[in-house]
Amino acid sequence: MKDVTLTSLDCPKLTSLDYSGHFLANMNLNTPMLNNIQLPLIYSGEYLNAFRLLATLPKFENLQLEIYSMVPSSLKITQPLKHLKELGLIFNRPFGTPRKLEFDLSSILTILQASPLLQKLSVMITSPEIIENQKVDRDVKAFSHDEVKDIELRGCVGNWYEVEFAMNVMKYANKLERIVLSPYWREDIDELLNWTSNPAWFQNGRQRIAETLQNEEVVGREKLVLI
């Protein structure tokens with residue numbers, strides 16, 4: 001195997017791209033029909049450049065990101081992803097990080113704000129950890145989203161930042177029909193993610209979610225689905 005640096009992609013009829021590698025943002029794309037993209041984000045510095053590039057695609061509606069670095073909480077997306085309708089985010093453990101790791105899910109709200117036509121959002125954490133005695137209220141700037149209807153957060157086990165993310169979404173997503181919270185991974189994403197290896201641990205995570213929500217005043221509680 002050899003590393004290859006791609007400098008351009010000239011495929012006017014290409015509709016779907018599954019990209020594995022770095023430096024996508026430095027590539028010259030001629031793909032006006034590109035609708036569906038899957039790609040990894042390995043370094044934190046790749047976020048803004050990747051979103052800038054994706055914002056230039058006129059038919060771009062579906063995005064799946066595999067994330068290997070923390071999404072900066074200060075992330076600012078200046079060019080809206082104005083055609084994006086479905087977004088999947090898979091959070092993998094960043095390389096060389098400590099075992100216990102808190103994902104700052106509030107940064108996902110920034111992506112939501114920059115995607116005014118987004119209808120479905122799926123978030124999955126592949127290395128869930130229970131972080132004890134953790135509760136940090138973050139100031140989230142008020143916003144309004146009028147399109148997103150369906151949100152899933154999988155791999156959550158009752159940490160405060162997971163519940164906080166759900167509460168903020170329910171507060172600002174005006175047309176939200178349901179938000180699913182579950183410790184269980186979606187099996188269609190990766191066959192190696194098998195929760196049956198430790199069912200008691202995952203069931204405990206579901207119970208923690210229920211207990212944390214019970215202790216909070218939640219706007220739109222009827223939209224919450226625990227599975």
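A disulfide is a pair of cysteine sulfur atoms within 2.5 Å. By this rule, the count for the structure is 0 disulfides. The model on display is predicted, and the tour below proceeds from the cysteines to the whole chain, then to the sheet, the core and one helix.

**Cysteines.** Select C11 and C156. C11 counts as partly exposed because its relative accessibility is 28%, a value between the limits of 20% and 50%. C156 counts as buried because its relative accessibility is 2%, which is under the 20% limit.

**Whole chain.** Next, display the full chain as a cartoon. The chain contains 4 helices and 10 strands. Read from the N terminus, the order of elements is β-β-β-β-α-β-β-α-β-β-α-β-α-β. Of the 227 residues, 48% are buried. Among contacts in the chain with a separation of 6 or more, 72% link residues 24 or more positions apart. With the surface switched on, about 12100 Å² is exposed by the chain, and carbon and sulfur atoms supply 49% of that area.

**Strand 6 and its partners.** Select residues 86-91, which form strand 6; 5 of these 6 residues are buried. Then add residues 62-67, strand 5, which runs parallel to strand 6 and is joined to it by 6 bridges. Within this pairing, L63 stands opposite L87 of strand 6. Now add residues 120-125, strand 7, which also pairs with strand 6 in the parallel sense, over 6 bridges. Here, I90 has M124 of strand 7 as its bridge partner.

**The nonpolar cores.** Show side chains for L63, L89, L121, I179 and L181. These residues have the most contacts inside the largest nonpolar core, which has 58 residues. Helix 3, residues 160-172, gives the most to this core, contributing 9 residues. A further core of 5 residues lies apart from it, and its members include I90, M124, Y184 and W185.

Centre the view on L89. Which residues does L89 touch, leaving aside those up to four places away in sequence? The set consists of L65, I67, I108, I111, L121, S122, V123 and M124.

**Helix 3.** Finally, select Y161, which is located in helix 3. Is Y161 buried or exposed? Y161 counts as buried, because its relative accessibility is 3%. Add S106 to the selection and draw a distance between the C-alpha atoms: Y161 and S106 are 8.0 Å apart in space, although 55 residues apart in sequence.

Key:
Residues numbered from 1 in each chain as written. Predicted model: local features only at pLDDT ≥ 70, side-chain atom pairs only at ≥ 80, totals over all residues. Heavy atoms only, no water. Buried < 20%, exposed > 50% of the residue type's maximum accessible area, 1.4 Å probe, protein only. Core = buried A, V, L, I, M, F, W, Y, C linked by side-chain atoms within 4.5 Å. Helix = DSSP H or I, 4+ residues; strand = E, 2+ residues; numbered from the N terminus. Contact = heavy atoms within 4.5 Å. Areas by Shrake-Rupley, 256 points an atom, 1.4 Å probe, with all protein chains shown as cover. Pairing = 2+ DSSP bridges.
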